[in-house]
Amino acid sequence: MWFGSVTLFPEMFNALQSGIPGRAQAAEHIQVQCWNPRDFAKGARRNVDDRPYGGGPGMVMMVEPLLLAIQAAKKTAPGPAKVIYLSPQGQKFDQAAAERLATEKSLIFVSGRYEGIDDRLLTLEAGEQWSVGDYILSGGELAAMVMMDAITRLIPGTLGSSASSRQESLSNGLLEYPQYTRPENFAGLAVPDVLLNGDHQAIDRWRLKASLGRSWLQRPDLLTGREQNTLEALLLAEFLQEREQKSE
Ligand code: 4H6
C-alpha cells in the first residue's frame, strides 16, 4: 500500500518508523511519502494561510498550495489514489472502514492546520472526509497516522503470524479477554487457575466468557447490534452469576 501525506509537518510522520508500521516500511509492505504545501506556495513569503473571509478568529489554509501538493502526490502514486481529508466533520473511522480502505492501492491523506481548509478544496478535489473521533486536534496529522497504522495492520505480511491469528480471534466484535504473564502471583493477585492447567477447550471457554463479560460491562453497545449464539448466551449468564456471587 502506498500512503501519500499532504502536510505542513512532514517530520511528524517519522513516528511511523517505529514498531509495526516501521517494520512494514522496511519490508516495503507500505510506503509513506510526504508533500509539503509550503513547497508549492507562491510569493517571497510562501504563505500557506490567510485570514477568513467574513472575519473571525484565526487563519484558514489557502486552497492553491494544498491543491498543487495533492496533484504532485497523485502523479507519484502508483495508480489512481483515493484522497482522504481528516476532519472533525468526517465519517467516523472504525475497524470496518480500515478493512475497506486496506483494499486500496494508494491513499493520499490531507492534514489541515490553523482553523481548517478553504472549503473550495473539497469541491475541486473529490475525496472522502474521515474523523478518528469526536474531539478536536491541532491538525489532521495524528488522525492520518491513526488511520495509516490501523490500515497497515490489515495488509498481509505486516503482522507476525502470532499477532495475525490473534487479530482474527478479536474481529468477533467483542472486547479482548484479560492477559497474564509471569509471575503466577503478584501483589497477592493470582493468575486464574484455568489458564495454568493446559486444558485448551476450558481456556477458550473462559476467554470467550471474559470477552462477553467485559463487553457487557464496559461496551454494552457492542452486544446490542450483535447476533448471540446459545453458547455465548450461556457464558454471559455464567459471567453475570459469578460476578453476583463475588459481590455477595
Ligand atoms: C480540518 C478542518 C481531524 C482539519 C479543521 C482533524 C480532529 C480530527 C482540522 C481542523 C482535526 C478528527 C484545525 C479545526 C484546528 C480545529 C484539523 N481535528 N481543525 N477528529 N483538526 O479526526 O482547529
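Here are a few short exercises with worked solutions on the structure above.

The model is predicted, so residue-level local features need pLDDT of at least 70 and side-chain atom pairs count only at pLDDT 80 or more, while totals for chains, interfaces and linings use all residues. Residues are numbered from 1 along each chain as its sequence is written, and side-chain values use heavy atoms, with hydrogens and water left out.

**Exercise 1. Place E125 and decide whether it is buried or exposed.**

Step 1: Find the element. E125 sits in the loop between α4 (120–124) and β7 (128–131). Helices here are DSSP runs of H or I with at least four residues, strands are runs of E with at least two, and both are numbered from the N terminus.

Step 2: Check the accessibility. Buried means under 20% relative accessible area, exposed over 50%, and partly exposed in between, with a 1.4 Å probe and protein chains only. E125 has 8% relative accessibility, so it counts as buried.

Step 3: List the neighbours. Leaving out residues up to four places away in sequence, E125 touches L67, I70, Q71, K74, V83 and Y85; contact means heavy atoms within 4.5 Å.

Step 4: Look for a polar partner. The side chains of E125 and K74 make a polar contact at 2.7 Å. Such a contact is a pair of N or O atoms within 3.5 Å; within protein, one must be able to donate a hydrogen and the other to accept it, and residues adjacent in sequence count only if both atoms are side-chain atoms.

**Exercise 2. Compare the length of helix α2 with its expected span, then find what its buried residues pack against.**

Step 1: Work out the span. The rule is 1.5 Å times one less than the number of residues. For the 14 residues of α2 (residues 63–76) this gives 20 Å, and the end C-alpha atoms are 20 Å apart, so the two agree.

Step 2: Pick out the buried residues. In α2 they are V63, P65, L66, L67, A69, I70 and A73.

Step 3: Recall the helix geometry. An α-helix has 3.6 residues a turn, so residues three or four places apart point the same way.

Step 4: Name the packing partners. The buried residues of α2 pack against β1 (2–6), β2 (31–35), β4 (60–61), β5 (82–92), β6 (106–110) and α4.

**Exercise 3. Which residues come nearest to the ligand, and how much of its area does the protein cover?**

Step 1: Collect the surroundings. Of the 17 residues around the ligand, Y114, V132, G133, Y135 and L137 come nearest; a residue is near if one of its heavy atoms lies within 4 Å.

Step 2: Read the polar distances. A backbone N or O atom of V132 is 2.8 Å from a ligand oxygen. A ligand nitrogen lies 3.2 Å from an N or O atom in the side chain of S131.

Step 3: Add the coverage. On its own the ligand has 490 Å² of accessible area, and the protein covers 88% of that. Areas come from the Shrake-Rupley method with a 1.4 Å probe; for residues, only the protein chains shown count as cover.

**Exercise 4. Describe the backbone at Y114 and at P183.**

Step 1: Recall the background. Most residues other than glycine have a negative phi, and most peptide bonds are trans.

Step 2: Take Y114. Its phi is positive, about 55°, although Y114 is not a glycine. Y114 lies in the loop between β6 and α4.

Step 3: Take P183. A cis peptide bond with omega of about 5° joins R182 and P183. P183 is in the loop between α6 (161–170) and β8 (185–186).
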